[in-house]
Amino acid sequence: MSQPITSGEAEPEFKISSILVPLIAIISGIFMVILDTTAMNVALSKLVVDFKTDLPTIQWTVTGYMLATAAVIPLAGWLSDRFGAKNVFLTSVILFTVASVLCATPNSAEWLIVFRILQGLGGGFVMPVAMAYVFRLSPPNKIGQVMGMLGVPILLAPAIGPILSGWLVEYHSWHWIFLINLPVGIFSFIFGLWKLPAVARKKVAGFDLPGMILGPIAFASLSYGITQGAESWTSDKTLWGIIIGAVALIAFIIVELNSKLPLLELRVFKSVDFSFGIFVQWVLQFCLFGAIFLLPQFLQQARGYGAFDTGMTLFPQALASAVMMPIGGYLFDKIGVRWLVVVGLSLVSGAIFQYSHVSLTTEGHDLILPLIMAGSGMGLMMMPLNSHLIKKAPHDLVSRVTSLTSAMQQVINSFAVATLVTILSSRVNSSIAAKNIPINSPTDMQKAMLAVAPEAFGQTFHVMLIVAICGIFLGLFLRRNKAQPNEVVKQEVALEGLH
């Protein structure tokens, strides 16, 4: 095992190439999980036909996966400390890959749902463990650059997913959206087994059993209840999900604050910088995920685009993100996070403003500039803000902090979608009523919705624009991490044969 660097020794110059292979193993695992998550939505209508069932049943292949992911994220940090990050990451990749193969085999919707839940159990660990892992691979003054590379698949995969899955479903078979995970999973596992450094396990005296029960219940129930809010905020599913989730979350917080061995270290919120930073991240996440969700809905519902055409239209956004991610990481190491968030959200705000003027004549080429602006803004600020939060937390709590932020992001994403769908539906109904459009049949309703869709989407984008502008203002108050005189010495040196 490598030894801590003493103050009298010169720190060897760090090169990205020294950790390139471990990064490839981690990035391929993340890319596989995110790609499959987005690809599934495209195949739902085909699965309804093939399994001779209805959409609400098939929708559980998405809902079950989401709930399984939300349930296991809080456990990722403790498991990494107890069994080692390398073991947890590789195990999660194996579970996800095996479950992917199983997802391609069932002849009933029920078994597909079961296998998708298994996928979610594996996929839920990948992101928080990978982020903590990459943080430990990076020297303090290069965290932004390395985390920027990690961010590329996070924003690139959602754009490639619909394109690839749309092509596979339309021209081949839905089975292939799962089978393509097999070579990627094997590649990630082999390279990870070969080159991922072994992070020293921490001494975990015991485990927080109440936290392990309450945490998954809280985050899974909240995610489910808020997701159901997209259909109706007063339905039994929504109310029970939110009530159970809220009660479990309150109990979870009380238990964690009084536990000597907490599952998630909530005491990090005592840091004003951390608490403010994570609030800014929630605002940012609402804007980013909202834009990623809402524009495809306009293209498909109002313009009649298919999933494949929608993916191709949105691809400039992904390319811009991929280009700006490394630049954002480099700038984070030089100037901190404040101006990256301000400039990034300004670009996203400019894009949302242009989205708010869409019409029934809007074509793909009309969206190229705002898509590039949105992608550039996302690339500039997303991973730097994650890096900022991790650096604001005590170093020995990195794995717990990435679990905490990932679990909360899952809830915020659900909240963004449910809120925007509610606003959009409300705007559609009020616009139809205001224009006194007669509704005598389902066909009339469809025509009426199409007629008011641009106005309703525009008003919904205006709400997002207000949130984004608030985020710009809040970003001005983010403070740069203070450099520590012996930061390299203090950093946990638990990697074998790497630096």
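This report describes a long helix, the nonpolar cores and one buried serine in a predicted model.

## Helix α7

Helix α7 runs over residues 143-171, and its 29 residues reach 42 Å from the first C-alpha to the last, which is close to the 42 Å expected at 1.5 Å a residue. The helix nevertheless carries a kink of about 35 degrees at Ala157, shortly before the proline Pro158.

Of the 29 residues of α7, 21 are buried, so the helix is largely enclosed by the rest of the structure.

## Nonpolar cores

The largest nonpolar core in the model holds 114 residues, and within this core Ile26, Phe89 and Tyr355 are the residues with the most contacts. Helix α12 (residues 272-302) supplies the largest share of this core, namely 15 residues. Apart from this, there is a second, separate core of 18 residues, among them Leu44, Val48, Leu112 and Phe178.

When its neighbours within four places in sequence are left aside, Ile26 is in contact with Phe89, Ala130, Tyr133, Val134, Leu137, Leu150 and Leu196. Of these partners, Phe89 is also listed with Ile26 among the residues with the most contacts inside the largest core, while Leu150 falls within the residue range of α7.

## Ser349 in helix α14

Ser349 lies in helix α14, which covers residues 338-355. With a relative accessible area of 6%, Ser349 counts as buried, because the cut-off for that class is under 20%. Residues up to four places away in sequence not being counted, Ser349 touches Leu465, Ala468, Ile469 and Ile472.

Terms used
Residues numbered from 1 in each chain as written. Predicted model: local features only at pLDDT ≥ 70, side-chain atom pairs only at ≥ 80, totals over all residues. Heavy atoms only, no water. Helix = DSSP H or I, 4+ residues; strand = E, 2+ residues; numbered from the N terminus. Expected span 1.5 Å × (residues − 1). Bend = angle between axes of the 7 residues up to and from the residue. Buried < 20%, exposed > 50% of the residue type's maximum accessible area, 1.4 Å probe, protein only. Core = buried A, V, L, I, M, F, W, Y, C linked by side-chain atoms within 4.5 Å. Contact = heavy atoms within 4.5 Å.
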